[in-house]
There are 2 protein chains.
Amino acid sequence: MLENGTLIRRLALGAALAAALFPLAAAADEGMWTFNNFPAQQVGSKYGFTPDQAWLDRVRLASVRLSVGCSGSLVSPNGLVMTNHHCASECIQQLSTAKRDYSAAGYLARKEPDEIKCPALEIVQLTGIEDVTDRVKKATAGLSGGAFNDAQKAEIARIEKACGADEKVRCDVVSLYRGGQFNLYRYRRYQDVRLVFAPEFKIAFFGGDPDNFTFPRYDLDVSFFRIYENNRPVRTSDYFVWNAGGAKAEELVFVSGNPGSTRRLLTVSQLEFLRDVAQPSRLLRLAELRGVLSQFSEESPEHRRIAQETLFGIENSYKGLNGQQQALLDRRFFASKVADEKKLRDQVAADPVRAKAYGQIWDEIAAVQPIYQELYLPYTFIEGGAGFNSELFAFARTLVRGAAELPKPNDKRLKEYTDSALPQLKQELFTSAPIYNDLEEVTLRYSLTKLRENLGTDDPLVRKVLGKRSPAELAHSLVTGSKLADVSIRRKLWEGGAQAVAASDDPLIRLAQLIDPDARAIRKRYEDGVEAVEKKNGELLARVRFDLLGTNSYPDATFSPRLSYGAVQGYQENGRPIAPFTTLAGAFDRATGEDPFALPQSWLDARSKLDLSTPFNFVCTCDIIGGNSGSPVINQKAEVVGLIFDGNIHSLGGAFGFDPQLNRAVAVTTSALTETLKKVYGADRIVAELTGA
Amino acid sequence: MLENGTLIRRLALGAALAAALFPLAAAADEGMWTFNNFPAQQVGSKYGFTPDQAWLDRVRLASVRLSVGCSGSLVSPNGLVMTNHHCASECIQQLSTAKRDYSAAGYLARKEPDEIKCPALEIVQLTGIEDVTDRVKKATAGLSGGAFNDAQKAEIARIEKACGADEKVRCDVVSLYRGGQFNLYRYRRYQDVRLVFAPEFKIAFFGGDPDNFTFPRYDLDVSFFRIYENNRPVRTSDYFVWNAGGAKAEELVFVSGNPGSTRRLLTVSQLEFLRDVAQPSRLLRLAELRGVLSQFSEESPEHRRIAQETLFGIENSYKGLNGQQQALLDRRFFASKVADEKKLRDQVAADPVRAKAYGQIWDEIAAVQPIYQELYLPYTFIEGGAGFNSELFAFARTLVRGAAELPKPNDKRLKEYTDSALPQLKQELFTSAPIYNDLEEVTLRYSLTKLRENLGTDDPLVRKVLGKRSPAELAHSLVTGSKLADVSIRRKLWEGGAQAVAASDDPLIRLAQLIDPDARAIRKRYEDGVEAVEKKNGELLARVRFDLLGTNSYPDATFSPRLSYGAVQGYQENGRPIAPFTTLAGAFDRATGEDPFALPQSWLDARSKLDLSTPFNFVCTCDIIGGNSGSPVINQKAEVVGLIFDGNIHSLGGAFGFDPQLNRAVAVTTSALTETLKKVYGADRIVAELTGA
């Protein structure tokens with residue numbers, strides 16, 4: 001599953017080598033391209049279709065980004081948004097109760113008034129891009145360390161504020177090519193997002209964790225939202241026409257979405273840090289929490305229900321990150337990274353002018369990795385929140401920090417409290433989503449235990465937090481003693497500012513206050529000592545790459561809008577061909593009746609009515625990664641023919657490099673969507689809206 | 001905690017480098033020496049005391065090994081055995097019930113008839129060592145692959161059988177120096193082992209997982225057993241005299257015990273396999289199961305009680321293995337291993353005769369690592385049992401395999417079914433220890449889920465095992481449907497042999513039969529394709545090491561009796577001196593009242609009577625590892641002055657190399673044992689027996 005922050009990829013051994021040997025093979029449909037640097041000619045010469053500016057603009061405007069780390073598309077003139085079920089599942093869970101479980105039963109708004117507002121979901125549409133590289137670089141010229149960082153953040157905050165960020169506009173300065181370019185992205189913002197349709201979890205995630213990141217596949221991983229304004233559906237001309245025929249084998253397709261994060265441009269020392277320090281540690285934390293929550297889920301149907309969304313996220317992250325780790329542990333793949341870097345360094349060293357300007361980049365980045373290693377656990381547990389895994393604690397921290405940050409000038413604040421960030425922050429803080437104390441206690445107990453384990457029983461912060469209490473006892477008293485589950489209390493504290501927060505005796509507010517000086521200190525040490533050096537040298541590295549390798553390249557993914565292209569095409573697995581399409585019949589064949597291979601009753605009931613030969617899921621060669629979940633697959637007429645929801649197992653190494661032979665994006669066909677909306681769900685209203693019938 | 005198979009070590013960065021630069025520094029008290037190659041002169045020249053043969057024999061005979069992976073010592077003429085609480089905890093848990101919980105309450109047999117027999121504990125005493133290297137090597141001369149393996153195993157089985165293994169004698173051929181030497185170890189075997197004394201878990205494991213593998217420390221990790229024969233305590237002259245004064249700072253001490261496993265002699269390719277494949281995978285499995293069982297333990301006091309022993313084992317393994325992994329991830333330490341290997345290879349290459357005989361060793365071992373990698377998951381999950389984690393399943397497999405193996409000639413059987421192995425196997429199969437279905441179901445559900453996850457939903461064996469059932473459903477039906485918890489059923493099946501097993505409709509017997517062909521096939525592929533090559537080249541490597549580096553070296557640990565030496569000595573941690581001793585007062589200072597930092601009521605009650613200045617725990621420089629748990633610390637008069645129970649955090653890398661600056665063994669003083677046995681527990685009978693008073 002592909003939401004941002006979770007999808008990660010693995011290169012198979014043989015293919016990794018192939019990719020290393022032929023990084024620029026003409027056949028590779030590689031790249032997550034920005035809309036203002038799309039290789040239209042390259043696509044044209046390979047596929048015979050050259051997108052023009054009007055086409056690119058139309059695609060950009062019909063594409064959206066969801067604040068849950070996903071992508072989506074507008075698919076009707078009435079603001080209907082298509083995305084994945086797993087991108088809607090947080091909203092679905094928040095709207096559900098034990099007695100009215102939309103995750104289990106699915107949801108269909110038969111008329112417009114039945115469309116229900118999500119407690120905390122923001123959807124944005126990219127309306128403009130402006131290059132602000134010169135402004136940002138000028139602000140940091142000659143600076144380094146903390147001064148570099150402060151100047152860059154301040155300049156970015158000024159640019160974003162001047163852009164006019166408010167409830168309707170979102171402005172983000174995006175650092176591309178790891179500091180090589182800065183672009184100001186201006187978005188139209190929608191915060192009234194309502195749930196229109198979701199199928200049952202059983203079919204949205206048929207095959208569950210075992211089939212996640214695999215193909216062949218049989219998932220109806222779809223949901224529909226509608227964006228509203230002034231309590232009315234948004235009318236728009238920016239939408240994709242629905243092509244109910246679905247994608248065709250070998251056809252040229254595009255994926256428009258927001259890939260979250262890739263690390264293809266990192267240096268070897270940064271990759272070593274990931275491989276040897278960060279990723280193993282994160283995997284172990286995910287594995288243990290997965291164990292805790294899977295047992296918690298066994299305890300009762302209600303525990304299963306309330307933990308489902310969290311557990312899904314953990315399992316998805318775990319499987320993806322493990323694939324990513326396997327790619328870095330693949331010695332031949334890693335050797336290709338080392339060789340690439342050596343080649344570039346040799347080129348730099350061969351020219352005295354370049355050697356002087358760029359020769360120190362790699363050593364300077366390498367020199368801060370041991371500092372990062374030393375800071376890694378304190379940062380992760382104290383500032384990163386791994387020691388305080390709780391929604392209530394997250395509210396408390398936002399309130400404590402907001403009270404301290406908001407009185408400061410915009411350009412001096414922590415970046416998540418700048419004016420441009422506030423609308424989304426407030427939406428999340430004032431969400432009406434329910435809080436489940438059982439789940440809060442379990443995750444808080446677990447994370448406090450890990451805090452002690454990782455920092456040590458005698459660490460001053462650990463002693464300050466725990467005192468003589470056990471993690472279980474402390475978690476219980478914090479969760480049961482806090483009033484922050486009540487939105488009105490959170491609103492009062494936010495509006496009351498520093499005075500109200502200081503006067504609060506809420507135990508979680510007090511905990512957040514207690515650790516805040518430590519958290520800020522560790523963050524500053526990381527940002528000034530590590531991040532600033534990586535950023536400054538990242539800029540230089542980008543410059544020398546443009547200089548030596550040309551500008552026809554794409555930046556690492558940054559959870560901002562990108563366009564990929566490719567063909568609908570199967571692949572070979574252990575010498576066996578994998579066809580590009582599955583059919584609805586395949587789902588019935590694979591079903592065992594037991595989760596996660598149980599079909600919902602609605603499908604069993606509708607079986608005889610369905611055309612079982614309808615193509616269900618398919619793969620294409622488009623280059624995607626986590627964050628692309630919910631992206632539309634479109635044809636050259638910019639009609640939507642599919643819906644991305646995953647990558648195959650071979651795609652997991654894509655965080656570090658693209659493997660054209662095996663890396664495939666996985667999508668649902670619009671034909672299966674149309675067929676099942678009609679015949680399984682009786683969703684005639686939606687079908688009519690999609691097809692304009 | 002140091003039982004075999006679990007303790008592993010971590011070298012601190014700086015010290016690892018120091019160890020690499022000065023591997024033969026005269027000061028290093030390095031080595032887990034065999035009793036027939038102890039460096040007495042070396043000890044004499046450093047410490048002024050040179051043990052003679054009589055001294056070594058006496059120490060060997062007063063030392064014992066426990067089948068639970070621990071060490072121990074005879075400490076009275078009446079067969080009293082001292083070991084750790086955590087080595088007795090399996091027996092203690094097996095003897096406990098919800099209402100009579102000896103783990104929580106401790107246990108004291110006030111009179112001999114109160115001493116209770118452990119359901120499945122074997123204690124052995126090493127009575128003789130014979131070199132059989134020539135016989136074993138002759139049997140395999142000129143062979144390779146499966147033929148090499150078969151011939152070696154058959155010859156070892158013949159030697160062990162001829163040695164006269166029976167209920168009273170145990171004979172093991174031990175491969176030392178990774179195939180460089182084969183020694184026949186003849187042990188006196190005791191299977192009637194009774195519990196005499198154990199303190200409460202709270203003080204035995206004070207500080208719990210957070211303090212495990214750390215120092216300063218405050219644990220009374222002791223238990224006493226007594227060995228019986230013909231229903232009477234064994235009378236013996238082989239015992240250590242009790243020195244109630246305890247160890248003194250800077251004094252020369254020895255540790256006699258059974259270190260389980262080190263990998264100091266592995267080649268770089270073998271270490272890379274551990275670092276990149278085996279250890280990360282095992283850590284992740286341990287982490288997730290830890291999560292499952294920690295949540296299971298939260299569900300009720302009874303769940304906590306029945307899972308305690310298993311959870312302790314997992315946490316101990318996890319922390320130890322993680323330390324071991326950190327050592328291998330330490331780039332400077334690993335580089336020292338690479339440099340050592342290169343030096344040896346260069347020496348070999350420089351001489352044409354040696355180059356011909358030994359030059360291929362490293363490449364041949366490296367060539368099988370990819371095969372091992374391919375087999376690793378199937379082996380681990382199918383043959384290794386990680387897919388079927390259940391005591392009942394273990395019984396089923398033993399019954400199924402026993403029925404197939406016993407009719408074969410002794411030298412053709414799987415090694416765990418040879419005559420010399422049968423007494424311990426039968427003791428474990430016919431144990432009266434209780435089986436807890438709740439726990440069985442949880443571990444079986446978890447492991448079946450991981451079986452599917454690691455081998456894949458569509459793997460033929462996974463399909464054969466699960467069919468259309470979910471792991472949870474299958475685990476439930478297997479555990480509730482099986483009758484193997486009943487000892488008499490197991491006995492009937494064992495005695496009925498192949499016919500009885502074939503006729504059984506027990507679902508676990510049928511599962512074990514179902515997977516046995518696959519399990520045997522994968523084992524054979526591993527043994528013939530990987531193990532045989534490693535063994536054959538291991539022999540050659542040992543030979544060239546003896547040739548070039550001399551025979552004054554110690555073999556890797558093999559869970560057979562060894563003797564280490566060193567001094568009672570503190571160390572420096574981050575520039576701060578750590579004193580070698582703690583006191584009883586320190587335990588009261590560290591107590592919070594909350595687990596794992598809660599003292600038992602007996603200690604709180606006795607506080608005023610105790611001499612709080614009594615030395616409690618201490619460290620020495622002796623080279624130990626997992627399996628040394630329960631080892632006596634003795635002085636040069638061969639008096640017992642302490643009881644090993646752990647290593648400090650810096651000892652965790654000891655699996656791969658010894659760090660003289662920081663690596664310390666952690667022990668309880670006999671002075672604290674005497675003081676608390678008297679004043680906390682009123683164990684006058686034991687004190688009198690120990691002190692001969």
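This passage describes how the two chains of a predicted model are arranged, how they meet, and which local features stand out.

The arrangement of the copies is a convenient place to start. In general, two copies of a chain are related by a rotation about an axis and a shift along it. Here, a turn of 180 degrees with a shift of 0.0 Å along the axis lays chain B on chain A, and the RMSD of that superposition is 0.0 Å. The two copies are therefore related as by a two-fold rotation axis. The contact surface can be read in the same light: 100% of the interface residues of chain B are also interface residues in chain A, so the copies meet through the same surface.

How many residues of chain B are in contact with chain A? The number is 40, and they touch 40 residues of chain A. The size of an interface is often given as the accessible area lost when the parts come together. Between chain B and chain A, the buried area is about 3400 Å², with carbon and sulfur atoms giving 45% of it. On the chain B side, the residues that lose the most area to chain A are L284(B), Q295(B) and K468(B), which together account for 17% of what that side buries.

The polar side of this interface deserves a look as well. Side chains of opposite charge can pair when their charged atoms come close. Between chain B and chain A, the count is 12 salt bridges. One of the pairings across the two chains joins the side chains of R290(A) and E453(B), with an N to O distance of 2.8 Å. Polar contacts across the interface of chain B and chain A involve 15 residue pairs, both residues of each being at pLDDT 80 or more. As for the elements behind these contacts, helices α9 (208–211), α10 (268–298), α11 (301–329) and α17 (437–455) of chain B each supply at least two residues of the side that touches chain A. The largest share, 13 residues, comes from α10(B). Sorted by class, the side of chain B that touches chain A holds 21 charged, 12 nonpolar and 7 polar residues.

Turning from the interface to the model as a whole, the salt-bridge count over all chains comes to 111. In chain A, D411(A) forms a salt bridge with R158(A), with the closest N and O atoms 2.7 Å apart. This pair links distant parts of the chain, 253 residues apart: D411(A) sits in the loop between α15 (391–405) and α16 (422–429), whereas R158(A) belongs to helix α7 (residues 145–162).

Aromatic side chains add further pairings, and the structure holds 50 aromatic pairs over all chains. The rings of F581(A) and F618(A) have centres 5.6 Å apart and planes at 25 degrees, so the pair is stacked. Here too, distant parts of the chain are linked: F581(A) lies in strand β17 (residues 581–583) and F618(A) in strand β18 (residues 615–620) of chain A, 37 residues apart.

Some backbone details complete the picture. In chain A, the peptide bond from F215(A) to P216(A) is cis, with omega near 5 degrees; P216(A) is found in the loop between α9 (208–211) and β10 (223–229). In chain B, the bond from F215(B) to P216(B) is also cis, with omega near 0 degrees, and P216(B) is found in the loop between α9 and β10 (223–229) of that chain. Finally, N574(A) is not a glycine, yet has a positive phi of about 50 degrees. The residue N574(A) is found in the loop between β15 (571–573) and β16 (576–578) of chain A.

Methods: Residues numbered from 1 in each chain as written. Chains lettered and ligands numbered in written order. Predicted model: local features only at pLDDT ≥ 70, side-chain atom pairs only at ≥ 80, totals over all residues. Heavy atoms only, no water. Least-squares fit on C-alpha atoms with pLDDT ≥ 70 in both. Contact = heavy atoms within 4.5 Å. Buried area = accessible area lost by both parts, 1.4 Å probe. Salt bridge = Lys/Arg side-chain N within 4 Å of Asp/Glu carboxyl O. Polar contact = N/O pair within 3.5 Å; in protein donor to acceptor, adjacent residues only side chain to side chain. Helix = DSSP H or I, 4+ residues; strand = E, 2+ residues; numbered from the N terminus. Nonpolar A, V, L, I, M, F, W, Y, C, P; charged D, E, K, R; others polar. Phe/Tyr/Trp six-rings, centres within 6.5 Å; stacked < 30°, edge-to-face > 60°.
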